[in-house]
Amino acid sequence: MVAKAADAAPDPPLKIENTEKRDTLVAAEKNYQREWAADRVFESNAPTTTEVPFGSISPAALHEKSPKFMGTMAYPYMNGYLHAGHAFTLSKVEFATGVARMQGKRALFPQGFHVTGMAIKACADKLVRELEMFGQNFENYKEEDEPSSAPAPTATDTKTDVTAYHSSKSKAAAKTGKVKYQFQIMLSLGIPVEEIHRFADAYHWLTVFPQAGRKHMEKLGLRIDWRRTFVTTDANPYYDTFVRWQMNKLKELGKIKFGKRYTIYSPKDGQACMDHDRSQGEGINPQEYTGIKLKVIEWADAAKEQVKSIPEGSNVYFVAATLRPETMYGQTCCFVSKVITYGIFKIREGEYFFISDRAARNMAYQGISSGWGNVDRVAQVSGADVIGTVVNAPLSAHGNVRILPMETVKATKGTGVVTSVPSDSPDDYATVKDLAKKADYYGIKKEWAELEIIPIINTPKYGNLVAETLVTQMKINSPKDAKLPDAKEEAYKEGFYHGKMIYGEFKGLPVSEAKDKVKESLIKSGDAFNYAEPDGLVISRSSDECVAAHLDQWYLNYGPSEKGGDGEWCNQVLSHLENGLNTFSSESKRQFEQVLGWLSQWACARSYGLGSKLPWDPKFLVESLSDSTIYPSYYTISHYLHSDLFGTKPGLGNVTPDQMTDEVWDYIFTRRDEVESSIEKGTLQSMRREFEYWYPLDIRISGKDLIQNHLTFFLYIHIALFPKPYWPRGVRPNGHLLLNGLKMSKSTGNFLTLDQAIDKFGADATRMAIADAGDGIDDANFDESVANSIILKLFELRKWCEDVVKEAQLVKSIEEYQALRDDKQTKNPDFVQRTGDLLFWDKLFANEMASLVEETKVHFDGMLYKSALKSGFYEFTSSRDFYREATKASGVGLHHDVARQYIEYQALLLAPIAPHWSEYIWLEVLKKPGTVQNALFPTVPTPNTGLIAARAYVRSTISSITSAEGAQQKKLAKNKATKYDLNEPKRITVFPATSFPAWQDQYMDLIHESFSELKIVDVPAISKKLDKKEMKRAMPFIQNIKKRLEKDGESESAVFDRKLPFDELEVLNEMVPAIKQAVRKCGEVVIVPVTPGKLQEGLPPHADSAVPGHPTFNFENV
């Protein structure tokens, strides 16, 4: 039986029992989403040619006159519903767009949907097969029909080519849980079983998931200009012309070339399998080797019977794949694994290779064996049976060598055959030494492993026997030593970059030069050939294990010249990365630099899937990562072309697809200034204006895993096709999103779609939890408990704001406040609000609000949304709470203007992240005339440093007093004696110092002298100038000043002027009610100023420890 969709879907991790508060917030969210859509709030346009005549002003001057912001995310691939990870990436553009609007900029956030590639087509084709197997509604399916599929092994060897960069896999291989059939996946997505058969048509997917994606984004309240949306492929004929123009231009510029090259290839699909065509192995590239042919001279006795099927007179070669052909002079043996079953494969008449099955399959698609894809295995032989076989090793000083066992050889790496060069490979050196030492154990003759180790490369660091030196220095004791990978990499780096050949035909040349010359010589003599394989396991979306194929293909000539790429183009990208692009973190920049170093030619065409046809070779489709590089430029004018996803309805320009010729695209994108076209001139100018205004793109957001392909391609193609003023300004890669601290996984149930998140928490709580999840390139965490707690915070804060405004009772004096406060009919003291002059606590709070507003703006500017939420919400509400408690304790109450100012500031600071909540406060509470979406950030007075210091003083002093009380509580809990009875009424005496102690002055002079010269406090140097008798009290003082200057960031003037920027006695007097409230059973607070060194009689000794800004205090019962 077919399970229901609901049964297949994972249960959400967190259940919410009481939804009343959430539902109240959600009702407002839905209302404002409808209003924003009706009022077209997020539709942003460039200044029209009527407002600013075309050609009357340069694009740069137009940006100056009318500032703009344009941000995009890498559009999602729509073979399913959006999940919380998509929302995390979306949020970065969304919040940045909200911030830009509040900065007074025209802000554009467009969003399209990606459907190019083979993923959707492969899924549709699976459904075709499953419909044949199980019927239209899969009624013939039984659980025993489930296929079993064991994943192929993955190579885990440390990389051995020091000139190649290998990126690690960053996405889950199995994204769909434990289900086996495509129809089960569709059920898990919530597709009704009777609807699934329609998805056997690949184009049906395009009518379901993009629309669902838009619906869920709208439900989150995103500031997207939906006029500009589209789907990719020829399903949208306008986008199709854009892609064809792009490819034509790149070919015209020489950026697209044709020729044979290695690429990851799916034999099942009959085409290249690029990153987005894979279900596993994204980022894995072909690794090129030199295949060394070691001719069999004499078989081991155990193998002779098994090779009788090979025709007499034929040559059989053990083929070893090496990255270091220059070391072949030092071969002393050749390794195989005793536990691998190898094949002997016919390559051509009279020639056979002894290799792994995996290697044979790869070679079948590289023109090495006869017939494309032909694998002709004539014998199977265990590695154990060929031990002792004599082979001839090309270039080896020894000529003939033996086949010996090596336990670390893998069938998933290279050919499963490893030639041994113990002079330069620590692995080989450790193995041959172990073989000679334990010859009987390995079943070999000792002398087979004791051929002389010939020095072939000299290095300045490790001499001419690099492997032996490293093994000795690193104390490596066996071939399985965990330190071997490090030794191996160090040996290869030192040899390649600093080594010089001291043996052979190219003696005297640097290794970096000799490497290719030796390889060329070996290939020319017939002793070697080029070989490649995927550098790890790659599985296509059709479940095929891919190979490396040597194909004639169209490719984009990415990469540095040493990798065969367009070096000038690559250097342009590197230069822009260095001087023109904001990557928002040094780690992101470093990853881009690495990718630009190893990325090389990229196949840009394939024959299977969905997409646009290659203009000059229409049997091919443009590959999915090659039609998705400069589409942000398409957003700028898409609303002029069409008004729906598929381009079936005309846009503002009333333009048809056939009118969008390459010449028209050239004109719009400023590649030419005149064009002959049937499109009206005014329309052409308006479209060009849109491009010139919105470009360059201000920010591009994507997951960090796309640095290795999409984001780097994005830079390459922009730089190739657009003039420099239109090159991207910013790329911000973000980390992946964890859910409740764990990796999201459908199979474990720890998974959350965007729609589920909004249904569970509402839009604003979801948005705030996403903002709270994290900001950097490291993985972030969406914590459902945070989202749940935010619901309560937003609801309670909204209610407080409403009540404080609607229930306000204004009074003119403190006396009036106290009278009304004590009136039993007053619901909440916060409703009774003073007017008139501001008092101390009013000024303190107003000043702190100004400071937090400025701090939050800085965080928003840096796209640090977690930090912005901290200062603009958590600390902002905390400051309000302290103000409420302080004024309540002081008996003065809230000031009406200050309370209202807080509500307005809070609405504005939360607007980028929680716009629905802010809109409610803005319109319903504050009764503002227009939407908060058009409001600007508040302009606040410059924070007063004296009040900032006073607020810090209030915090630290109350904290010190409560901490002292807490210490006594701990003593009491441990049945220890306390200085006073905590449960009886008490008096607190505070001792503020009227001046700094005179003994500190001389040390301040020394510190000032040191800091003026070095901008650090050189404690060791200062200590040499101190009297040893003074060290005990001087050193803590000096260390504290050092901390204030270097760690706390206090200004020099604040530290060295030795004056508080506020009146400490005045502040303490204001604090008395707050201190009483903070300490249980505190009936009296007495302030007794003290002069250091002149302790008054009767005061406790520690009173003399007070310094300005740091009072001491005493507790006693009364």
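**Notebook: helix packing, a sheet, a salt bridge and two backbone details**

I began with helix H25 (residues 763-773) and helix H26 (residues 784-806), whose axes come within 8 Å and cross at roughly 125 degrees. I therefore entered H25 as oblique to H26, and I noted that H25 passes H26 in a right-handed crossing. The model I am reading is a predicted one.

I then listed the residues that make this contact: from H25 they are Asp-764, Ala-765, Met-768, Ala-769 and Asp-772, and from H26 they are Val-786, Ala-787, Ile-790, Ile-791 and Leu-794. Sorting the residues of the contact of H25 with H26 by character, I wrote down eight nonpolar, two charged and no polar.

*Sheet.* Next I looked up an open sheet of four strands, which I traced in the order S4-S3-S19-S20, with antiparallel pairing. At its edges I found strand S4 (271-272) and strand S20 (602-603), each of which pairs on one side only. For strand S3 (residues 256-266) and strand S19 (residues 547-556), which run antiparallel, I recorded 10 bridges joining the two. To fix the register I picked out Arg-261, whose bridge partner in S19 is Leu-551.

*Salt bridges.* How many salt bridges does a search of the whole structure find? I entered 67 for the whole structure, and I followed up one pair, Glu-351 and Lys-293, whose side chains meet in a salt bridge at 2.8 Å, N to O. Because Glu-351 lies in strand S10 (residues 351-355) and Lys-293 in strand S6 (residues 286-298), I noted that the pair ties together parts that are 58 residues apart in sequence. As a general reminder to myself, side chains of opposite charge can pair when their charged atoms come close.

*Backbone.* I closed with two backbone entries, keeping in mind that most peptide bonds are trans and that most residues other than glycine have a negative phi.

Which residues does a cis peptide bond join? I found the cis bond between Tyr-695 and Pro-696, with omega at about 10 degrees, and I placed Pro-696 in the loop between helix H22 (681-694) and strand S23 (699-703).

Where is the place of Met-863? I located Met-863 in the loop between helix H28 (840-861) and helix H29 (865-890), and I noted that its phi is near 55 degrees, a positive value in a residue other than glycine.

How values were computed. Residues are numbered from 1 along each chain as its sequence is written. This is a predicted model: local features need pLDDT of at least 70, side-chain atom pairs count only at pLDDT 80 or more; totals for chains, interfaces and linings use all residues. Side-chain values use heavy atoms; hydrogens and water are left out. Axes are lines fitted to C-alpha atoms, for helices over the stretch in contact, and angles run from 0 to 180 degrees between N-to-C directions. Angles under 35 degrees count as roughly parallel, over 145 as roughly antiparallel, 65 to 115 as roughly perpendicular and the rest as oblique. A crossing is left-handed if the near helix is turned anticlockwise from the far one by less than a right angle, and right-handed if clockwise. Contact means heavy atoms within 4.5 Å. Ala, Val, Leu, Ile, Met, Phe, Trp, Tyr, Cys and Pro count as nonpolar, Asp, Glu, Lys and Arg as charged, and the others, Gly among them, as polar. Two strands pair if DSSP finds at least two bridges between them. A salt bridge is a side-chain nitrogen of Lys or Arg within 4 Å of a carboxyl oxygen of Asp or Glu.
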